[in-house]
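Trainee: I would like to take a close look at one part of this model and understand how it sits in the rest. Could you walk me through it slowly?

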Amino acid sequence: MGEEITLTIEIKNERPIELLDLAKSLISMSNEYRHFLAEHDPFIAADDVKLYIKEIRSGSIIAELAALSPYALPLIDHAETITEYIKHIKVWYKWLSESDKKPENINKSTLENLNNILEPIAKDNGAQMNIASLNIQGDMKINLTIGSNDANAAQNAIRRALNALKEPVTGIHQSVVMYWAQARNDPHSNKAGDRAKIESVFSGDVKVMFINDELKVKMLFDEAHPFNKAFIVDVAVETINGKPALYKIIKLHDVFDK
């Protein structure tokens, strides 16, 4: 077994930290560590490795975490990955707060984890977070210090990056699953009344029109129980202020029971 190295998180706070914010911060730190292992070390079973609290020390809030595989006998120490993990975190925060070199493979999961990690200090104007890898003698291998202002700037950058990752809603969506929320009795009417949900596009129900009357008859009146069915369709989505306002069904591929 190599040198014992732990991940130490110190939060110097001036205001009380909400328990939920602290818990989400530590959970996201652990989740991102496992995500980092899965991407950067294929020889480690990332799902089996977790960060465990080794010690909580007095001060502001100081949590010392160790990386262990609980299913290995004896427990396998993954200490050597801690320093590389903090380097990974550091690259991301330098990009978010200083527009430094853009990391590869920007993804939603990492951005959300980083946002949660920062939450305890982002809400406290005088707070500071220190993240470091320490060996058993207390020598520091690498560290990252984030103040409240930097945390807020990083969170703003995270929100912009998350918005940039969103796929545009407007346009043609092919082979999506749609089901009815309400429908009119008139098979030849395209007036307001027909509404449906396409969960991969939007969580709410949206007004529906059809490319022709035959398609509406097929989807609403040829089916014995259309509200018990789901339809695989091609749909053109129109939006108002980025929110879906109209689904125009242009092709029906398949029908199946909900």
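Trainee: Which are the buried residues of α2?

Mentor: Happy to help! Keep in mind that this is a predicted model. The buried residues of α2 are T81, I82, T83, Y85, I86, H88, I89, W92, Y93, W95 and L96. Find them one by one in the picture, and then let us look at the helix that carries them.

Helix α2 covers residues 80-98. With 19 residues at 1.5 Å a residue, α2 should span 27 Å, and the 28 Å between its end C-alpha atoms agrees with that. Just after α2 comes S99, which has a positive phi, near 55°.

Now pick out two of the buried residues, W92 and W95. Both belong to α2 and sit three residues apart, about one turn of the helix. In general, an α-helix has 3.6 residues a turn, so residues three or four places apart point the same way. W92 has a relative accessible area of 3%, while W95 has a relative accessibility of 17%. Because buried means under 20%, W92 counts as buried, and so does W95. The rings of these two residues also form an aromatic pair, with 5.9 Å from centre to centre and 80° between the planes, an edge-to-face arrangement. The structure holds five aromatic pairs.

Another ring of α2 to look for is that of Y85, which is on the buried list too. Ring pairs link Y85 with Y33 and F36 into a cluster. To see where those partners come from, turn to helix α1, residues 19-40. Its buried residues include Y33 and F36, and among the others are L22, M29 and L37. Helix α1 has 22 residues and reaches 32 Å from its first C-alpha to its last, close to the 32 Å expected.

Next, follow α2 to its meeting with another helix. Two packed helices are described by the angle between their axes and the distance between the axes. For α2 and helix α4, residues 148-165, the angle is about 90° and the axes are 8 Å apart. Angles of 65 to 115 degrees count as roughly perpendicular, and α2 and α4 are therefore roughly perpendicular to each other. On the α2 side the contact is made by Y93, W95, L96 and S97. On the α4 side it is made by D150, A153, A154, A157, I158 and A161. Notice W95 here: this residue takes part in the contact with α4 and also pairs with W92.

For contrast, compare the tryptophan pair of α2 with a pair outside this helix. The ring centres of W180 and F210 are 5.9 Å apart, with the planes at 40°, so this pair is tilted. W180 lies in strand β7 (residues 171-182) and F210 in strand β9 (residues 206-210), so the pair links distant parts of the chain, 30 residues apart. W180 is buried, with a relative accessible area of 3%, and F210 is buried with 3% as well.

To bring it back to your helix: α2 carries the W92 and W95 pair, contributes Y85 to a ring cluster, and packs against α4 at about 90°.

Technical notes:
Residues numbered from 1 in each chain as written. Predicted model: local features only at pLDDT ≥ 70, side-chain atom pairs only at ≥ 80, totals over all residues. Heavy atoms only, no water. Helix = DSSP H or I, 4+ residues; strand = E, 2+ residues; numbered from the N terminus. Expected span 1.5 Å × (residues − 1). Buried < 20%, exposed > 50% of the residue type's maximum accessible area, 1.4 Å probe, protein only. Phe/Tyr/Trp six-rings, centres within 6.5 Å; stacked < 30°, edge-to-face > 60°. Axes fitted to C-alpha atoms, helices over the stretch in contact; angles between N-to-C directions. Parallel < 35°, antiparallel > 145°, perpendicular 65-115°, else oblique. Contact = heavy atoms within 4.5 Å.
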